[in-house]
Amino acid sequence: MKSSSVFFCNSCGNEFAKWAGQCPACHEWNTLVETAPFLKTARTKTGQKVALKPAESFTVKTALSSQTGYTFSTGIGEFDRVLGPGLTKGGVYLLAGQPGIGKSTLLTQLALSLSSKNHEPITNNSVLYVCSEENPAQVASRITRLQGPSLKADNIKLLNTSIVENVLETINSDPNCLVIIDSIQSVSTATNPTTPGSPSQIRDSASYLIQAAKENSVPMIIVGHVTKDGDIAGPKMLEHMVDTVLELSGDRQHLLRLLRSVKNRFGPTDETGIFRMNSTGLEEVKDPGAILLEGRVKNAPGSCLTMIMEGTRPLTVEIQALVVASPLPIPRRIAKGISGNRLQLICAILTKHLNLPIATKDVFVNVTGGMDVKDPGADLGIALAIVSSVKDKPLPENSICFGELGLLGEIRKVGFTDKMLKEAKSLGYSEVFSPLSHTSIRSIKLT
Ligand code: TYD
Ligand code: MG
(Lines give C-alpha, C1' and ligand atoms only; values in the text may rest on other atoms or scores of the structure.)
(Ligands and ions follow the chains in the order given, each with its own letter.)
Protein backbone atom coordinates (compact mmCIF):
# COMPACT_ATOMS: atom_id res chain seq x y z
CA MET A 1 0.00 0.00 0.00
CA LYS A 2 1.23 3.48 -0.78
CA SER A 3 2.27 5.35 2.34
CA SER A 4 -0.09 8.23 3.08
CA SER A 5 2.35 10.33 5.05
CA VAL A 6 5.60 12.13 4.42
CA PHE A 7 8.08 13.95 6.64
CA PHE A 8 8.09 17.68 6.27
CA CYS A 9 10.84 20.07 7.39
CA ASN A 10 9.51 22.98 9.43
CA SER A 11 12.50 25.05 8.54
CA CYS A 12 13.03 24.70 4.78
CA GLY A 13 9.73 23.10 3.78
CA ASN A 14 11.24 20.10 1.96
CA GLU A 15 9.49 16.74 2.08
CA PHE A 16 11.13 13.37 2.71
CA ALA A 17 9.91 9.79 2.66
CA LYS A 18 11.77 8.86 5.86
CA TRP A 19 12.28 10.54 9.20
CA ALA A 20 15.71 11.80 10.17
CA GLY A 21 17.00 13.71 13.18
CA GLN A 22 18.67 16.25 10.94
CA CYS A 23 17.04 17.66 7.80
CA PRO A 24 19.04 16.36 4.81
CA ALA A 25 18.38 19.59 2.89
CA CYS A 26 18.91 22.48 5.33
CA HIS A 27 20.79 20.53 8.05
CA GLU A 28 18.61 21.87 10.86
CA TRP A 29 18.07 19.47 13.76
CA ASN A 30 14.67 18.15 14.93
CA THR A 31 12.66 19.94 12.29
CA LEU A 32 11.08 16.94 10.49
CA VAL A 33 7.45 16.25 11.34
CA GLU A 34 5.13 13.60 9.93
CA THR A 35 2.38 15.08 7.74
CA ALA A 36 0.11 14.40 4.80
CA PRO A 37 1.63 14.98 1.34
CA PHE A 38 0.58 18.10 -0.56
CA LEU A 39 -1.70 17.31 -3.51
CA LYS A 40 0.26 18.50 -6.46
CA THR A 41 -2.51 18.11 -9.04
CA ALA A 42 -5.01 20.94 -9.00
CA ARG A 43 -8.46 19.66 -8.24
CA THR A 44 -11.87 21.21 -8.13
CA LYS A 45 -13.88 21.17 -4.93
CA THR A 46 -15.52 17.89 -5.89
CA GLY A 47 -12.15 16.28 -6.34
CA GLN A 48 -11.98 16.09 -10.15
CA LYS A 49 -8.79 17.14 -11.86
CA VAL A 50 -8.89 20.63 -13.35
CA ALA A 51 -8.81 20.73 -17.15
CA LEU A 52 -5.44 22.07 -18.27
CA LYS A 53 -5.35 25.19 -20.41
CA PRO A 54 -2.44 27.21 -21.73
CA ALA A 55 -1.24 29.88 -19.30
CA GLU A 56 -1.55 33.53 -20.23
CA SER A 57 1.68 35.03 -21.54
CA PHE A 58 2.77 38.67 -21.69
CA THR A 59 5.40 40.77 -23.39
CA VAL A 60 7.23 43.27 -21.18
CA LYS A 61 5.06 46.07 -22.59
CA THR A 62 1.71 44.35 -22.05
CA ALA A 63 2.80 43.16 -18.61
CA LEU A 64 3.65 46.73 -17.62
CA SER A 65 0.45 48.20 -19.00
CA SER A 66 -1.59 45.55 -17.19
CA GLN A 67 -0.06 46.87 -13.97
CA THR A 68 -1.42 50.42 -14.18
CA GLY A 69 -3.58 51.23 -11.23
CA TYR A 70 -2.20 48.25 -9.38
CA THR A 71 -1.49 49.97 -6.12
CA PHE A 72 -3.72 52.06 -3.92
CA SER A 73 -3.43 53.88 -0.64
CA THR A 74 -4.69 52.26 2.55
CA GLY A 75 -5.81 55.62 3.92
CA ILE A 76 -3.55 55.08 6.95
CA GLY A 77 -0.40 57.13 6.42
CA GLU A 78 1.94 55.07 8.60
CA PHE A 79 0.74 51.83 6.94
CA ASP A 80 1.39 53.27 3.46
CA ARG A 81 4.85 54.39 4.56
CA VAL A 82 5.80 50.81 5.44
CA LEU A 83 4.25 49.25 2.35
CA GLY A 84 5.97 51.68 0.01
CA PRO A 85 3.43 52.35 -2.66
CA GLY A 86 0.36 51.16 -0.75
CA LEU A 87 -1.53 47.91 -1.23
CA THR A 88 -0.94 46.09 -4.49
CA LYS A 89 -3.72 44.16 -6.24
CA GLY A 90 -3.00 40.46 -6.03
CA GLY A 91 -0.31 41.11 -3.42
CA VAL A 92 -0.20 38.76 -0.44
CA TYR A 93 0.94 40.23 2.88
CA LEU A 94 1.79 38.34 6.02
CA LEU A 95 1.25 40.33 9.22
CA ALA A 96 3.10 38.74 12.11
CA GLY A 97 3.23 39.67 15.77
CA GLN A 98 2.96 38.49 19.38
CA PRO A 99 -0.53 37.70 20.64
CA GLY A 100 -2.36 40.78 21.90
CA ILE A 101 -0.01 43.24 20.21
CA GLY A 102 -2.78 44.72 18.03
CA LYS A 103 -2.80 42.83 14.71
CA SER A 104 -6.58 42.43 14.62
CA THR A 105 -7.01 46.03 15.73
CA LEU A 106 -4.79 47.32 12.93
CA LEU A 107 -6.56 45.19 10.32
CA THR A 108 -10.00 46.25 11.57
CA GLN A 109 -8.93 49.87 11.17
CA LEU A 110 -7.63 49.08 7.69
CA ALA A 111 -10.93 47.42 6.78
CA LEU A 112 -12.83 50.46 8.05
CA SER A 113 -10.57 52.82 6.13
CA LEU A 114 -10.87 50.97 2.82
CA SER A 115 -14.58 50.28 3.10
CA SER A 116 -15.60 53.80 4.05
CA LYS A 117 -14.36 55.74 1.05
CA ASN A 118 -13.17 55.25 -2.47
CA HIS A 119 -9.42 55.09 -2.77
CA GLU A 120 -8.39 55.71 -6.35
CA PRO A 121 -8.11 53.61 -8.47
CA ILE A 122 -10.34 51.12 -6.68
CA THR A 123 -14.02 51.56 -7.11
CA ASN A 124 -15.16 48.54 -5.20
CA ASN A 125 -14.88 49.03 -1.47
CA SER A 126 -16.12 45.81 -0.02
CA VAL A 127 -13.71 44.15 2.41
CA LEU A 128 -13.85 40.46 3.23
CA TYR A 129 -12.78 39.75 6.82
CA VAL A 130 -12.39 36.02 7.49
CA CYS A 131 -12.99 35.57 11.21
CA SER A 132 -11.51 32.15 11.75
CA GLU A 133 -10.04 32.96 15.15
CA GLU A 134 -12.70 35.13 16.72
CA ASN A 135 -16.39 34.97 15.93
CA PRO A 136 -18.07 37.66 13.79
CA ALA A 137 -19.75 39.17 16.86
CA GLN A 138 -16.36 39.82 18.47
CA VAL A 139 -15.01 41.44 15.32
CA ALA A 140 -18.23 43.43 14.94
CA SER A 141 -17.96 44.74 18.50
CA ARG A 142 -14.37 45.81 17.81
CA ILE A 143 -15.55 47.61 14.67
CA THR A 144 -18.22 49.40 16.70
CA ARG A 145 -15.67 50.35 19.35
CA LEU A 146 -13.22 51.72 16.79
CA GLN A 147 -15.77 53.46 14.63
CA GLY A 148 -17.82 55.06 17.40
CA PRO A 149 -21.57 55.72 17.31
CA SER A 150 -21.68 56.87 13.66
CA LEU A 151 -21.29 53.28 12.54
CA LYS A 152 -20.93 52.91 8.78
CA ALA A 153 -19.42 49.53 8.11
CA ASP A 154 -21.86 47.95 5.66
CA ASN A 155 -19.09 47.21 3.21
CA ILE A 156 -17.24 44.92 5.60
CA LYS A 157 -18.29 41.31 5.18
CA LEU A 158 -17.46 39.15 8.19
CA LEU A 159 -17.04 35.55 7.08
CA ASN A 160 -17.70 33.02 9.79
CA THR A 161 -15.64 30.05 8.66
CA SER A 162 -12.30 28.41 9.13
CA ILE A 163 -12.55 26.17 6.06
CA VAL A 164 -10.29 27.35 3.24
CA GLU A 165 -12.60 25.97 0.53
CA ASN A 166 -15.47 28.17 1.79
CA VAL A 167 -13.20 31.20 1.77
CA LEU A 168 -12.05 30.43 -1.79
CA GLU A 169 -15.65 30.09 -2.95
CA THR A 170 -16.51 33.52 -1.47
CA ILE A 171 -13.39 35.20 -2.89
CA ASN A 172 -14.17 33.79 -6.33
CA SER A 173 -17.84 34.72 -6.31
CA ASP A 174 -17.77 38.42 -5.32
CA PRO A 175 -15.16 41.08 -6.00
CA ASN A 176 -13.49 42.69 -2.97
CA CYS A 177 -10.85 45.37 -2.53
CA LEU A 178 -9.18 43.49 0.32
CA VAL A 179 -9.31 40.04 1.89
CA ILE A 180 -8.16 39.60 5.49
CA ILE A 181 -7.44 36.14 6.91
CA ASP A 182 -7.26 36.36 10.72
CA SER A 183 -5.37 34.02 11.20
CA ILE A 184 -3.56 31.40 9.07
CA GLN A 185 -3.06 29.21 12.17
CA SER A 186 -6.80 28.75 12.58
CA VAL A 187 -7.86 27.86 9.02
CA SER A 188 -7.72 24.43 7.45
CA THR A 189 -8.24 22.84 4.06
CA ALA A 190 -10.14 19.61 3.54
CA THR A 191 -7.31 18.26 1.37
CA ASN A 192 -5.06 18.03 4.41
CA PRO A 193 -6.12 15.82 7.32
CA THR A 194 -3.84 17.40 9.92
CA THR A 195 -5.09 19.83 12.56
CA PRO A 196 -5.22 23.61 11.93
CA GLY A 197 -1.91 25.25 12.79
CA SER A 198 0.26 22.26 11.85
CA PRO A 199 3.11 23.16 9.48
CA SER A 200 1.74 21.22 6.53
CA GLN A 201 -1.77 22.56 7.11
CA ILE A 202 -0.42 26.14 7.11
CA ARG A 203 1.54 25.44 3.93
CA ASP A 204 -1.43 23.92 2.10
CA SER A 205 -3.99 26.48 3.26
CA ALA A 206 -1.66 29.38 2.44
CA SER A 207 -0.92 28.06 -1.02
CA TYR A 208 -4.63 27.82 -1.91
CA LEU A 209 -5.36 31.27 -0.49
CA ILE A 210 -2.39 32.87 -2.27
CA GLN A 211 -3.47 31.30 -5.54
CA ALA A 212 -6.98 32.74 -5.12
CA ALA A 213 -5.61 36.22 -4.34
CA LYS A 214 -3.43 36.18 -7.46
CA GLU A 215 -6.19 34.84 -9.72
CA ASN A 216 -8.71 37.41 -8.50
CA SER A 217 -6.19 40.25 -8.36
CA VAL A 218 -7.21 41.11 -4.84
CA PRO A 219 -4.76 42.07 -2.09
CA MET A 220 -4.79 39.65 0.81
CA ILE A 221 -3.46 40.16 4.33
CA ILE A 222 -2.78 36.99 6.29
CA VAL A 223 -2.26 37.17 10.05
CA GLY A 224 0.48 34.91 11.37
CA HIS A 225 1.33 34.21 14.99
CA VAL A 226 4.79 34.48 16.42
CA THR A 227 6.41 31.80 18.58
CA LYS A 228 8.12 32.42 21.94
CA ASP A 229 11.45 32.87 20.15
CA GLY A 230 10.02 35.59 17.94
CA ASP A 231 9.84 33.49 14.75
CA ILE A 232 6.73 33.34 12.64
CA ALA A 233 4.91 30.15 13.65
CA GLY A 234 4.64 27.46 10.98
CA PRO A 235 7.02 26.65 8.19
CA LYS A 236 9.69 29.17 7.28
CA MET A 237 8.44 28.56 3.75
CA LEU A 238 5.38 30.72 4.49
CA GLU A 239 7.64 33.78 4.42
CA HIS A 240 8.90 32.78 0.97
CA MET A 241 5.40 32.19 -0.35
CA VAL A 242 4.03 35.66 0.38
CA ASP A 243 5.07 38.92 -1.28
CA THR A 244 5.55 40.99 1.84
CA VAL A 245 6.19 40.14 5.47
CA LEU A 246 5.13 42.80 7.96
CA GLU A 247 5.95 42.65 11.64
CA LEU A 248 4.01 44.47 14.35
CA SER A 249 6.11 44.73 17.47
CA GLY A 250 6.23 46.57 20.76
CA ASP A 251 6.04 45.94 24.45
CA ARG A 252 2.53 45.06 25.63
CA GLN A 253 3.10 47.02 28.83
CA HIS A 254 3.84 50.13 26.80
CA LEU A 255 1.79 52.00 24.25
CA LEU A 256 4.14 52.27 21.29
CA ARG A 257 3.77 49.81 18.39
CA LEU A 258 6.17 49.59 15.47
CA LEU A 259 5.22 48.21 12.07
CA ARG A 260 8.21 47.10 10.02
CA SER A 261 8.48 45.29 6.72
CA VAL A 262 10.94 42.41 6.84
CA LYS A 263 10.49 41.48 3.20
CA ASN A 264 8.81 43.58 0.53
CA ARG A 265 8.50 42.72 -3.14
CA PHE A 266 6.74 46.01 -3.90
CA GLY A 267 8.77 48.61 -2.03
CA PRO A 268 11.51 49.34 0.48
CA THR A 269 12.13 47.38 3.67
CA ASP A 270 13.71 50.22 5.60
CA GLU A 271 10.60 52.09 6.69
CA THR A 272 8.93 51.87 10.07
CA GLY A 273 5.38 52.86 10.89
CA ILE A 274 4.87 54.14 14.42
CA PHE A 275 1.55 53.80 16.23
CA ARG A 276 0.26 54.27 19.75
CA MET A 277 -2.37 51.94 21.21
CA ASN A 278 -5.17 53.80 22.92
CA SER A 279 -8.83 53.24 23.70
CA THR A 280 -9.88 53.98 20.14
CA GLY A 281 -7.38 51.69 18.49
CA LEU A 282 -3.97 52.35 16.98
CA GLU A 283 -3.29 56.01 16.48
CA GLU A 284 -0.56 57.23 14.12
CA VAL A 285 2.30 58.89 15.95
CA LYS A 286 4.09 61.78 14.33
CA ASP A 287 6.34 62.67 17.27
CA PRO A 288 7.44 59.41 18.93
CA GLY A 289 10.33 61.15 20.74
CA ALA A 290 7.85 62.93 23.00
CA ILE A 291 6.29 59.62 24.12
CA LEU A 292 9.64 57.91 24.58
CA LEU A 293 11.06 60.67 26.73
CA GLU A 294 7.90 61.24 28.78
CA GLY A 295 8.71 61.52 32.49
CA ARG A 296 12.48 61.49 31.99
CA VAL A 297 14.59 62.47 35.00
CA LYS A 298 17.17 65.01 33.85
CA ASN A 299 20.81 65.00 34.95
CA ALA A 300 20.67 61.53 36.46
CA PRO A 301 23.80 59.34 36.47
CA GLY A 302 23.30 56.30 34.19
CA SER A 303 20.97 58.02 31.74
CA CYS A 304 22.05 58.75 28.19
CA LEU A 305 20.03 60.24 25.33
CA THR A 306 20.74 58.43 22.10
CA MET A 307 19.69 58.99 18.55
CA ILE A 308 18.81 55.89 16.57
CA MET A 309 17.40 55.33 13.11
CA GLU A 310 14.01 53.65 12.86
CA GLY A 311 13.72 53.05 9.16
CA THR A 312 14.66 56.35 7.61
CA ARG A 313 13.51 58.38 10.62
CA PRO A 314 15.84 59.56 13.38
CA LEU A 315 14.40 58.89 16.83
CA THR A 316 15.57 59.98 20.28
CA VAL A 317 15.51 57.31 23.00
CA GLU A 318 16.80 57.23 26.55
CA ILE A 319 19.17 54.43 27.52
CA GLN A 320 19.49 53.78 31.24
CA ALA A 321 22.24 51.77 32.92
CA LEU A 322 22.66 50.63 36.49
CA VAL A 323 25.96 49.19 37.68
CA VAL A 324 26.07 47.71 41.18
CA ALA A 325 28.34 45.36 43.13
CA SER A 326 27.41 41.78 42.38
CA PRO A 327 26.83 39.13 45.05
CA LEU A 328 27.39 36.43 42.42
CA PRO A 329 30.64 34.73 41.36
CA ILE A 330 29.74 35.47 37.71
CA PRO A 331 28.20 38.96 37.59
CA ARG A 332 25.03 39.50 35.59
CA ARG A 333 24.65 41.45 32.35
CA ILE A 334 20.95 42.06 31.90
CA ALA A 335 19.58 43.91 28.89
CA LYS A 336 16.06 45.04 28.07
CA GLY A 337 15.42 46.60 24.67
CA ILE A 338 18.87 45.67 23.31
CA SER A 339 20.43 42.28 22.66
CA GLY A 340 22.21 40.58 25.56
CA ASN A 341 25.20 39.76 23.36
CA ARG A 342 25.59 43.39 22.40
CA LEU A 343 25.72 44.33 26.09
CA GLN A 344 28.38 41.67 26.80
CA LEU A 345 30.45 43.03 23.94
CA ILE A 346 30.18 46.65 25.07
CA CYS A 347 31.13 45.66 28.64
CA ALA A 348 34.22 43.90 27.28
CA ILE A 349 35.19 46.96 25.21
CA LEU A 350 34.80 49.24 28.25
CA THR A 351 36.86 46.92 30.46
CA LYS A 352 39.67 46.72 27.93
CA HIS A 353 39.83 50.27 26.61
CA LEU A 354 38.72 52.37 29.59
CA ASN A 355 39.82 50.02 32.39
CA LEU A 356 36.29 50.37 33.69
CA PRO A 357 36.04 48.31 36.92
CA ILE A 358 32.91 46.30 36.08
CA ALA A 359 34.34 42.77 36.31
CA THR A 360 32.73 42.24 39.73
CA LYS A 361 29.64 44.34 39.08
CA ASP A 362 26.16 43.53 37.78
CA VAL A 363 25.24 45.65 34.76
CA PHE A 364 21.60 46.32 33.89
CA VAL A 365 20.62 48.25 30.76
CA ASN A 366 17.14 49.35 29.75
CA VAL A 367 15.73 51.32 26.84
CA THR A 368 12.80 53.35 28.15
CA GLY A 369 9.38 53.39 26.50
CA GLY A 370 9.45 49.67 25.64
CA MET A 371 11.49 50.23 22.47
CA ASP A 372 13.42 47.36 20.96
CA VAL A 373 16.61 48.88 19.58
CA LYS A 374 18.39 47.02 16.80
CA ASP A 375 20.39 49.92 15.39
CA PRO A 376 24.14 49.42 16.16
CA GLY A 377 24.34 53.21 16.37
CA ALA A 378 23.04 52.87 19.93
CA ASP A 379 26.37 51.30 21.08
CA LEU A 380 27.90 54.59 22.14
CA GLY A 381 24.79 55.49 24.13
CA ILE A 382 24.88 52.15 25.97
CA ALA A 383 28.58 52.61 26.70
CA LEU A 384 28.20 56.17 27.98
CA ALA A 385 25.22 55.22 30.16
CA ILE A 386 27.31 52.47 31.78
CA VAL A 387 30.31 54.80 32.27
CA SER A 388 28.02 57.45 33.74
CA SER A 389 26.55 54.94 36.21
CA VAL A 390 29.96 53.58 37.26
CA LYS A 391 31.31 57.10 37.86
CA ASP A 392 28.01 58.20 39.39
CA LYS A 393 28.12 61.36 37.31
CA PRO A 394 25.46 62.54 34.89
CA LEU A 395 26.41 63.11 31.27
CA PRO A 396 26.72 66.77 30.19
CA GLU A 397 23.36 68.53 30.27
CA ASN A 398 21.63 68.82 26.92
CA SER A 399 23.89 66.24 25.25
CA ILE A 400 23.04 63.38 22.90
CA CYS A 401 25.11 60.68 21.22
CA PHE A 402 25.16 58.08 18.47
CA GLY A 403 27.78 55.81 16.91
CA GLU A 404 28.76 52.16 16.63
CA LEU A 405 31.58 50.82 18.80
CA GLY A 406 34.31 48.70 17.26
CA LEU A 407 36.31 46.08 19.16
CA LEU A 408 39.32 48.41 19.19
CA GLY A 409 37.33 51.03 21.03
CA GLU A 410 36.85 53.11 17.89
CA ILE A 411 33.62 54.96 17.23
CA ARG A 412 32.38 54.04 13.79
CA LYS A 413 30.07 55.83 11.44
CA VAL A 414 26.56 54.46 11.01
CA GLY A 415 24.12 54.92 8.14
CA PHE A 416 22.55 58.39 7.95
CA THR A 417 25.24 59.98 10.21
CA ASP A 418 24.75 63.40 8.64
CA LYS A 419 20.98 63.20 8.88
CA MET A 420 21.21 62.34 12.58
CA LEU A 421 23.62 65.19 13.25
CA LYS A 422 21.27 67.60 11.51
CA GLU A 423 18.32 66.30 13.53
CA ALA A 424 20.28 66.61 16.81
CA LYS A 425 21.17 70.21 15.97
CA SER A 426 17.60 71.05 15.03
CA LEU A 427 16.36 69.60 18.35
CA GLY A 428 18.70 72.02 20.10
CA TYR A 429 21.25 69.66 21.70
CA SER A 430 24.38 71.61 22.58
CA GLU A 431 26.79 68.67 22.71
CA VAL A 432 26.71 65.72 20.29
CA PHE A 433 29.03 62.74 20.88
CA SER A 434 29.33 61.08 17.48
CA PRO A 435 31.89 59.56 15.11
CA LEU A 436 32.32 63.07 13.70
CA SER A 437 33.37 64.56 17.04
CA HIS A 438 35.30 61.63 18.56
CA THR A 439 37.17 58.79 16.90
CA SER A 440 37.61 56.57 19.94
CA ILE A 441 35.79 55.88 23.20
CA ARG A 442 39.06 56.79 24.98
CA SER A 443 38.92 60.34 23.67
CA ILE A 444 35.58 61.10 25.35
CA LYS A 445 36.43 62.79 28.62
CA LEU A 446 33.52 63.02 31.00
CA THR A 447 33.98 65.57 33.73
P1 TYD B 1 -5.77 42.58 19.23
O2 TYD B 1 -5.81 43.46 18.04
O3 TYD B 1 -6.89 41.63 19.41
O4 TYD B 1 -4.39 41.78 19.26
P5 TYD B 1 -3.88 40.56 18.31
O6 TYD B 1 -4.85 40.39 17.19
O7 TYD B 1 -2.51 40.98 17.85
O8 TYD B 1 -3.79 39.35 19.18
O9 TYD B 1 -5.74 43.54 20.50
C10 TYD B 1 -4.75 43.58 21.44
C11 TYD B 1 -5.01 44.44 22.63
O12 TYD B 1 -5.29 45.75 22.30
C13 TYD B 1 -6.14 43.97 23.51
O14 TYD B 1 -5.59 43.44 24.69
C15 TYD B 1 -6.92 45.20 23.84
C16 TYD B 1 -6.16 46.32 23.24
N17 TYD B 1 -6.99 47.32 22.57
C18 TYD B 1 -6.92 48.63 22.98
O19 TYD B 1 -6.17 49.00 23.88
N20 TYD B 1 -7.70 49.58 22.31
C21 TYD B 1 -8.55 49.23 21.32
O22 TYD B 1 -9.22 50.10 20.76
C23 TYD B 1 -8.62 47.84 20.92
C24 TYD B 1 -9.55 47.41 19.82
C25 TYD B 1 -7.82 46.93 21.56
MG1 MG C 1 -6.15 38.80 16.80
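This dialogue concerns the surroundings of ligand 1 and the second largest pocket in a predicted model.

Modeller: In this predicted model, local features need pLDDT of at least 70 and side-chain atom pairs count only at pLDDT 80 or more, while totals for chains, interfaces and linings use all residues. Residues are numbered from 1 along each chain as its sequence is written, chains are lettered from A and ligands numbered from 1 in the order in which they are written, and side-chain values use heavy atoms, with hydrogens and water left out.

Colleague: What makes a residue count as near ligand 1?

Modeller: One of its heavy atoms must lie within 4 Å. By that rule 16 residues surround ligand 1, and G100, K103, S104, T105 and N278 are the closest.

Colleague: Why is the pair formed by T105 and ligand 1 called a polar contact?

Modeller: A polar contact is a pair of N or O atoms within 3.5 Å; within protein, one must be able to donate a hydrogen and the other to accept it, and residues adjacent in sequence count only if both atoms are side-chain atoms. A polar side-chain atom of T105 lies 2.5 Å from an oxygen atom of ligand 1, so the pair meets the distance limit of 3.5 Å. For R145, a polar side-chain atom is 3.2 Å from a nitrogen atom of the ligand.

Colleague: How do you know where the second largest pocket lies relative to domain 2 and domain 3?

Modeller: Domain bounds come from an automatic or database domain assignment. Domain 2 (71-284) and domain 3 (290-443) both give residues to the lining, so the second largest pocket lies between them.
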